[in-house]
Amino acid sequence: MAGACVSIALAALFWDAHPQAAACAIAGVMAGANAPDWIEKPLMLQHRTWTHWPGWWLALLSGSLPAMIFSPLPGLAAGFAVGALLHLALDIGTPTGIPLRWPPDGRRRRSLHLYTTGSPTGEAAVLAVVVACCALPVALHGLFMRL
Ligand SMILES: [Zn+2]
């Protein structure tokens, strides 16, 4: 759900200027929003360990963004990384948390202890992230249109 909303927000922000890059980024966000969870299953990794370390996703994002100058296709990777980072932003609020230090083996996870998954507070947190992800790009789009 959050991935879908971020995708809509990206569309609102970039569609006019770069429709191909926006389409790639939208598809990437949709695929990446749950990637930290679904990638760990075929690799038989412990939950919230290696795939929940933000460093991988920040590296993917920082490597793919400059490549978008030459082609819209790296937008898939950039969107995938953004979706995964959004996933981690929501996971860090739960008691289990995510690993922030190396090695991300799950022994030293960090949590903000804001909510539990599926609780009303947790659902409110997801809603707040969705609203923020939609409102910010739409506001920026309005700002760019005035410039
Ligand atoms: Zn997760």
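**The whole chain**

Colour the protein by secondary structure, and you should find six helices and two strands. Follow the chain along its sequence and these elements come in the pattern α-α-α-α-α-β-β-α. Keep in mind as you go that this is a predicted model.

Now look at the protein as a whole. Of its 147 residues, 33% are buried. Among the contacts with a separation of 6 or more, 62% are between residues 24 or more positions apart.

**Stop 1: helix α2**

Select residues 19–32, which form helix α2. How far apart are its end C-alpha atoms? They are 20 Å apart, and this agrees with the 20 Å that its 14 residues should span at 1.5 Å a residue.

Next, highlight the buried residues of α2: Ala 21, Ala 22, Cys 24, Ala 25, Ile 26, Gly 28, Val 29 and Gly 32. While you look down the helix, a general point may help: an α-helix has 3.6 residues a turn, so residues three or four places apart point the same way.

**Stop 2: helix α5**

Add residues 74–91, helix α5, to your selection. You can try the ruler again here: the 18 residues of α5 should span 26 Å at 1.5 Å a residue, and the end C-alpha atoms are indeed 26 Å apart. Is α5 mostly covered or mostly open? It is mostly covered, with 15 of its 18 residues buried.

**Stop 3: where α2 meets α5**

Keep both helices on screen. Two packed helices are described by the angle between their axes and the distance between the axes. For α2 and α5, the axes come within 6 Å and cross at roughly 40 degrees. This crossing is right-handed.

To see the contact, select these two groups:

- From α2: Ala 21, Cys 24, Ala 25, Ile 26, Ala 27, Gly 28, Val 29, Met 30, Ala 31 and Gly 32.
- From α5: Gly 75, Leu 76, Ala 77, Ala 78, Gly 79, Phe 80, Ala 81, Val 82, Gly 83 and Ala 84.

Colour the contact of α2 with α5 by class and you will get 15 nonpolar residues, five polar ones and no charged ones.

**Stop 4: where α4 meets α5**

Now hide α2 and show helix α4, residues 54–67, beside α5. The two pack at an angle of about 150 degrees, and their axes are 8 Å apart. An angle over 145 degrees counts as roughly antiparallel, so that is how α4 runs relative to α5. The crossing of α4 and α5 is left-handed.

Which residues meet here? On the α4 side, pick Pro 54, Trp 57, Leu 60, Leu 61, Ser 64, Leu 65 and Ala 67. On the α5 side, pick Pro 74, Ala 77, Ala 78, Phe 80, Ala 81, Val 82, Ala 84, Leu 85 and Leu 88. The residues of this contact of α4 with α5 divide into 15 nonpolar, one polar and no charged.

While you are in α4, click on Gly 63. Gly 63 counts as partly exposed because it has 13 C-beta neighbours inside 10 Å. Measure from its C-alpha atom to that of Pro 74: the two residues are 11 apart along the chain, and the distance is 8.9 Å.

**Stop 5: two residues in one loop**

Move to the loop between α3 (35–40) and α4, and select Met 44. Arg 48 has its place in the loop between α3 and α4 too. As a general guide, most residues other than glycine have a negative phi. Met 44 is not a glycine, yet its phi is positive, at about 55 degrees. Arg 48, also not a glycine, has a positive phi of about 55 degrees.

Buried or exposed? Met 44 counts as exposed, with 6 C-beta neighbours inside 10 Å. Arg 48 counts as buried, with 22 such neighbours.

**Stop 6: a cis peptide bond**

Jump to the loop between β1 (98–99) and β2 (109–110), where Pro 103 lies. Most peptide bonds are trans. The bond joining Trp 102 and Pro 103 is cis, with an omega of about -5 degrees.

**Last stop: Ala 125**

Finish in helix α6, residues 120–146, by selecting Ala 125. Ala 125 is partly exposed, with 19 other C-beta atoms within 10 Å. What does Ala 125 touch, not counting residues up to four places away in sequence? Its partners are Leu 90, Gly 93, Leu 114 and Tyr 115. Take Leu 114: it is 11 residues from Ala 125 in sequence and 8.6 Å away in space, C-alpha to C-alpha.

Key:
Residues are numbered from 1 along each chain as its sequence is written. This is a predicted model: local features need pLDDT of at least 70, side-chain atom pairs count only at pLDDT 80 or more; totals for chains, interfaces and linings use all residues. Helices (H or I, at least four residues) and strands (E, at least two) are DSSP runs, numbered from the N terminus. The expected span of a helix is 1.5 Å times one less than its number of residues. A residue is buried if 20 or more other C-beta atoms lie within 10 Å of its own, exposed if 12 or fewer, and partly exposed in between; C-beta atoms are placed from the backbone. Axes are lines fitted to C-alpha atoms, for helices over the stretch in contact, and angles run from 0 to 180 degrees between N-to-C directions. Angles under 35 degrees count as roughly parallel, over 145 as roughly antiparallel, 65 to 115 as roughly perpendicular and the rest as oblique. A crossing is left-handed if the near helix is turned anticlockwise from the far one by less than a right angle, and right-handed if clockwise. Two residues are in contact if their C-beta atoms, placed from the backbone, lie within 7 Å. Ala, Val, Leu, Ile, Met, Phe, Trp, Tyr, Cys and Pro count as nonpolar, Asp, Glu, Lys and Arg as charged, and the others, Gly among them, as polar.
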